[in-house]
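Please look over the sequence and the model shown here, with attention to how the strands and helices are arranged. The report begins with one sheet and then turns to the chain as a whole.

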Amino acid sequence: MNIRTILVEKAIAAMTAAGLPEDTNPAVTQSTRPQFGDYQINGAMGAAKKMKSNPRELAQKIIDQLDVSDIAEKTEIAGPGFINIHLKPEFLAKSVEAANSDAKLAVNEHTKPQTVVVDYSSPNLAKEMHVGHLRSTIIGDAIVRALEFRGDKVIRQNHMGDWGTQFGMLIAHLEDQISQGVDLESVALADLETFYRDAKKRFDDEEGFADKARDYVVKLQGGDAHCEKLWKLFIATSVKHSEEVYKRLNVTLTQADIMAESAYNSELNDIISLLKDKDIAVESQGAQVVFLDELANKDGEPSAFIVQKSGGGFLYATTDLAACDYRSNKLGAERILIFVDARQSLHFNQVELTARKAGLLRDETSYEFCPFGTMMGADGKPFKTRTGGTVKLADLLEESISRAATKLAERESDLSDHDRSEIARKVGIGAVKYADLSKHRTSDYIFNWDSMLSFEGATAPYLQYAYTRVRSIFRKSGVDAATLSANVAIAEPQEKALALKLLQLEEVLDLMINEATPHVLCGYLYELASLYMTFYEACPVLKEGVEPSVRDSRLVLCNLVADTLKTGLDLLGIEVMEQM
């Protein structure tokens, strides 16, 4: 069910019949105030400007041809040419009934499903995941879930950093650890940060170690069996750390989704040869460089994109170009979404321009760099520990669960310790995720424990609690929500507002998917929960004296609210609970 899509189709038909150009944008939007109807068709004003005619007169011509009698009870012209659409309560009621009886809440799958490659998370396997990986991981996962919900074929790509100079240093240190009899699982890589720091200290201070590390890089890239064995040992343990974080975060990435930098190693020489053959890359100071006039600076100097170092080594640039070829030409992606820190904008602009010139990206493939802002501390600087160190993601999640448990302990409950522990886990993880996802993807935001764990306002705990409140109605009523089937009647304004919001889920998911912005779903769920509270106060459900037919009609609305909250939160990767 997508009311906006229905109105767009009807508006285009009416505009065409009224003699407007076929490419006229109907500009259908949701109304911001009930007195202006439920939706508005605003295209008359833009068309009138192009046609040099009176917008109100043009709006009347559109209304004369507009066939919305099946869904609207009234249409009217307002202001300079807005067309207000007031939907029929009967239409909303029948649509609610259909959504309530549908497993996907009447959200349609795309009529033309696409193959979408989504590149997200991408931690560096030399270290444990830290807070800097949170946004890419959870924003990407929310978009993946929404795409799959709408029926697209999604290919997850975890472009893990597992290649390069640092790994020569790490495997040299690992080799020495093993030769000294240190147990790999319990000690050597138990703390990746410590392991990396120790290896780096040896690289900087220990005579001969840096040369050995550089030698190991060359051997590793050349396919040396001993170095490759140590590297695989290190990678396997590092991946295990990442998988534990994904599981705790309720993220859908698995080991099968890893397409790390090393996966493209065998393709890199061919990429350079292709760029040279097409005169896209030229030699400059011994390196292979692509000069991009499209990204020239204010002095007209082209942007320099280095694709191979003077010593013959490859860079992120080369690997990303190979990834373009694999995803577009081999996987057949129609969309490629990449969730990376905003500071890498220039790099990915250079990648796309170069890849398109070289044919590594097909014209049919949309290449969408989806940057995100930074999580900040109270001081307005990137979030750090009190001592100024990097915050491990696993530690952040544990602290959130612990704080949630403390908050829940303050509330009266007859739940068992096990149930309390599970609820604390869901609330703690959900709070961190919603606090992040509810901010616009490109915005920086201040990390604040108190606000994100609050049971009031736009937070995960508030929405999780709202869900449990709705479910408690069915426990009190004795009605089985799974078998509830009743005729819905929309009589009160609060019922209409709630029904309309419930039927806008598909519109919200469209916007979220098209713009890669989970915050629109977060905002929608909060608005839905708030409208439900208003509805519940104004429209008694279980109160004595309420007619059975009215009660059952309102129970259908209640059930659809609960299902929509649960579905929406699940698309954000946030779990709900039946009691709290």
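## A parallel sheet

In this predicted model, four strands make up an open sheet whose order is β6-β5-β10-β11, with parallel pairing. The edges are formed by β6 (153-157) and β11 (366-372), each of which pairs on one side only. On average, and with direction ignored, neighbouring strands of this sheet are turned by 20° against each other.

Within the sheet, strand β5 (residues 115-119) and strand β10 (residues 335-341) run parallel and are joined by four bridges. In this pairing, valine 116 of the chain stands opposite arginine 335 in β10.

## Helices on the sheet

Helix α12 (residues 316-330) packs on the sheet, where it touches β5, β6, β10 and β11, and its direction makes about 150° with that of β10. Helix α13 (residues 345-358), for its part, lies across β10 and β11 and runs at about 175° to β11.

## The chain as a whole

The secondary structure of the protein chain amounts to 21 helices and 13 strands, and its C-alpha atoms fill a box of roughly 85 × 70 × 40 Å along the principal axes. Of the 580 residues in the protein chain, 52% are buried. Among contacts with a separation of 6 or more, 73% are between residues 24 or more positions apart.

## Surface and charge

The protein chain has an accessible surface of about 26600 Å², and carbon and sulfur atoms account for 48% of that area. Its side chains include 65 positive and 86 negative ones, and the centres of these two sets lie 3 Å apart.

Methods: Residues are numbered from 1 along each chain as its sequence is written. This is a predicted model: local features need pLDDT of at least 70, side-chain atom pairs count only at pLDDT 80 or more; totals for chains, interfaces and linings use all residues. Side-chain values use heavy atoms; hydrogens and water are left out. Helices (H or I, at least four residues) and strands (E, at least two) are DSSP runs, numbered from the N terminus. Buried means under 20% relative accessible area, exposed over 50%, partly exposed in between (1.4 Å probe, protein chains only). Contact means heavy atoms within 4.5 Å. Accessible areas come from the Shrake-Rupley method with a 1.4 Å probe; for residues, only the protein chains shown count as cover. Lys and Arg count as positive and Asp and Glu as negative; His and the chain ends are not counted. The place of a charge is taken as NZ of Lys, CZ of Arg, CG of Asp or CD of Glu. Two strands pair if DSSP finds at least two bridges between them. Axes are lines fitted to C-alpha atoms, for helices over the stretch in contact, and angles run from 0 to 180 degrees between N-to-C directions.
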